[in-house]
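Student: Could you pick one part of this model and give me a close look at it? After that, please carry on outward, so I can see what else is there.

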Amino acid sequence: MTPQPNPDTGAAVKAADRAHVFHSWSAQDLIDPLAVAGAEGSYFWDYDGKRYLDFTSGLVYTNIGYQHPKVVAAVQEQAATMTTFAPAFAIEARSEAARLIAERTPGDLDKIFFTNGGADAVEHAVRMARLHTGRPKVLSAYRSYHGGTQQAINITGDPRRWASDSATGGVVRFWTPFPYRSRFYAENEEQESARALEHLETTIAFEGPGTVAAIILETVPGTAGIMVPPPGYLAGVREICDKYGIVFILDEVMAGFGRTGEWFAADLFGVVPDLLTFAKGVNSGYVPLGGVAISGAIAETFGKRPYPGGLTYSGHPLACAAAVATINVMAEEGVVENARRLGGSVVGPALAELAERHPSVGEVRGVGMFWALELVKNRETREPLVPYNATGEANAPMAAFAAAAKQHGVWPFVNMNRTHVVPPCNVTEAELKEGFAALDAALSVADTYTA
Ligand code: PLP
């Protein structure tokens with residue numbers, strides 16, 4: 001049951017957290033986590049009763065919002081009948097989750113390997129690609145995030161890998177298109193796309209095509225800045241993979257399950273990968289779950305030869321029951337269509353309008369319920385509002401922006417010099433408008449740091 005907001009309970013929760021919880025990606029003494037008393041739909045609230053509109057969907061995963069009654073009931077029902085059962089058995093919740101996912105993934109990605117989250121999905125996709133091809137190397141994008149485990153963080157291009165880069169080996173990073181901050185000196189999106197493809201093919205030539213097992217890309221890179229690939233890019237990567245017999249992995253841990261206004265972002269581009277990783281939105285994170293959707297050809301590799309990998313909780317019944325209920329809720333309530341429709345008719349225009357009035361907004365980009373505002377010191381030079389990977393005093397402008405948004409009742413997603421607008425995919429138009437009013441106020445604070 002959701003605890004009633006009570007400041008004394010909040011203080012005790014906070015004290016125990018500070019004494020005993022070791023937080024991810026943080027300097028433990030420099031953080032001040034909010035004690036959260038409850039959450040419902042697009043909102044959560046603290047122990048003083050202050051409510052926040054969640055423009056982050058947690059870590060971009062509560063695609064149907066918090067505490068959806070049908071999913072909560074499905075988890076309770078599963079717990080009452082079969083809380084857990086080992087992965088080697090056929091279990092109704094697991095079979096049904098796999099069927100519903102396979103029905104929605106593009107092409108012939110019809111076999112589902114379940115994991116506990118996104119990073120381990122990436123680990124397994126890479127292992128499958130290496131075993132399928134018998135080749136050692138994986139090519140990944142500098143502007144990417146693929147997870148915090150050993151191989152996944154090494155594949156990641158995000159600066160977080162700097163602290164934990166573990167020299168796993170066999171990973172080669174490359175540039176991907178980003179017209180706003182292009183390294184290709186391109187004049188238009190098509191040229192950006194063509195040059196990025198040329199760069200990728202050159203990289204493969206130097207590495208030796210016969211050594212490359214896989215190219216892994218986020219279909220729409222999320223954490224690194226929500227950069228919708230320009231026309232032709234992903235289709236071009238598909239062609240390169242086919243030409244050299246390279247496995248194409250699309251990581252849809254963040255972009256999948258409605259976030260872009262399609263069940264899978266690959267559908268935006270008409271591209272079918274050989275492996276597709278998912279997690280987060282598959283069950284809105286109500287119980288940890290991820291997985292790899294596998295093509296017929298790769299599944300066949302492990303038809304007579306055992307796949308050397310597995311997890312104790314693979315396809316956990318509670319997680320799968322949550323996935324079945326979530327996917328059914330998304331279908332019944334038109335959640336994917338909602339993300340597409342409101343993304344195009346409300347979010348895009350509202351953010352463009354904010355950009356017109358606020359000099360701190362350098363660029364607005366996105367699709368569906370997946371948007372980023374790039375905040376800059378100067379629109380002409382495009383100098384970021386804070387330096388790359390800034391902390392402490394150097395990050396003060398973004399900290400002031402975030403504090404203002406929170407003060408006005410919106411919890412913003414802030415990453416470096418960007419704010420990502422990633423509310424639940426079933427957010428309403430009224431909620432969005434409330435959120436944009438708060439962003440408007442917070443951007444006025446960011447404007448004071450422009451020059
Ligand atoms: N891949 C992508 C594209 C992600 O965005 C993330 C997490 O944000 C991951 C993988 C890692 O997922 P997890 O945190 O569930 O391990």
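Tutor: Let's start with a strand pair: β9 (residues 275-278) and β10 run antiparallel to each other, joined over 4 bridges. Keep in mind throughout that this is a predicted model. To find the register of that pair, look at Leu-275, whose bridge partner in β10 is Ile-294. β10 covers residues 290-294, and it has another partner in β4 (residues 111-115), again antiparallel, this time over 5 bridges. Here the pair to look for is Phe-114, which sits opposite Gly-291 of β10.

Now for the surroundings of β10. Strand β10 is mostly covered, with 5 of its 5 residues buried. In a regular strand, side chains alternate between the two faces of the sheet. You can follow that in β10: Gly-290, Val-292 and Ile-294 point one way, while Gly-291 and Ala-293 point the other way, and all of them are buried. So both of the residues I used to set the register, Gly-291 and Ile-294, are buried, and they point opposite ways from the strand.

Next, the ligand. There are 16 residues around it, and those that come nearest are Gly-117, Gly-118, Ala-119, Gly-147 and Val-253. Helix α5 (residues 118-133) gives the most to this shell, with 3 residues. By type, the shell holds 7 nonpolar, 7 polar and 2 charged residues.

From there, go over to helix α12, residues 317-332. Its 16 residues should span 22 Å at 1.5 Å a residue, and the C-alpha atoms at its ends are indeed 22 Å apart, which agrees. The helix is largely enclosed by the rest of the structure, because 12 of its 16 residues are buried. An α-helix has 3.6 residues a turn, so residues three or four places apart point the same way. With that in mind, step along α12: Pro-317, Leu-318, Ala-319, Cys-320, Ala-321, Ala-322, Ala-323, Val-324, Ala-325, Thr-326 and Ile-327 are buried, and so is Met-330. What do the buried residues of α12 pack against? They pack against three helices: α3 (69-81), α4 (92-104) and α13 (335-357). After α12 comes Gly-334, with a positive phi near 60 degrees.

There's also a sheet that rewards a close look. It is an open sheet of 4 strands, ordered β1-β2-β3-β14, and its pairing is mixed. At the edges are β1 (36-40) and β14 (410-411), each of which pairs on one side only. Strands of a sheet pair through backbone hydrogen bonds, either parallel or antiparallel. For the antiparallel sense, take β2 (residues 43-46) and β3 (residues 51-54), which pair over 3 bridges; Tyr-43 is opposite Leu-53 there. These two strands make a hairpin with 4 residues between them, and in the turn Gly-49 has a positive phi of about 85 degrees. For the parallel sense, take β3 and β14, which pair over 2 bridges.

One residue is a handy anchor in this sheet. Asp-54 belongs to β3, and Trp-411 of β14 stands opposite to it. Asp-54 counts as buried because it has 25 C-beta neighbours inside 10 Å. Leaving out residues up to four places away in sequence, Asp-54 touches Ser-42, Tyr-43, Phe-44, Trp-411 and Pro-423. Lys-406 is 352 residues from Asp-54 in sequence, yet their C-alpha atoms are 9.9 Å apart in space.

Finally, zoom out. The protein chain has 15 helices and 16 strands. Among contacts between residues at least 6 apart in sequence, 74% join residues at least 24 apart. Buried residues make up 49% of the 451 in the chain. The C-alpha trace spans about 60 × 60 × 45 Å along its principal axes. As for the radius of gyration, a compact globule of 451 residues would have one near 22 Å, and the protein chain has 22 Å, which agrees.

Notes:
Residues numbered from 1 in each chain as written. Predicted model: local features only at pLDDT ≥ 70, side-chain atom pairs only at ≥ 80, totals over all residues. Near = placed C-beta within 6 Å. Nonpolar A, V, L, I, M, F, W, Y, C, P; charged D, E, K, R; others polar. Expected span 1.5 Å × (residues − 1). Buried ≥ 20, exposed ≤ 12 C-beta atoms within 10 Å, placed from the backbone. Contact = placed C-beta atoms within 7 Å. Pairing = 2+ DSSP bridges. Rg over C-alpha atoms; globule rule 2.2 N^0.38 Å.
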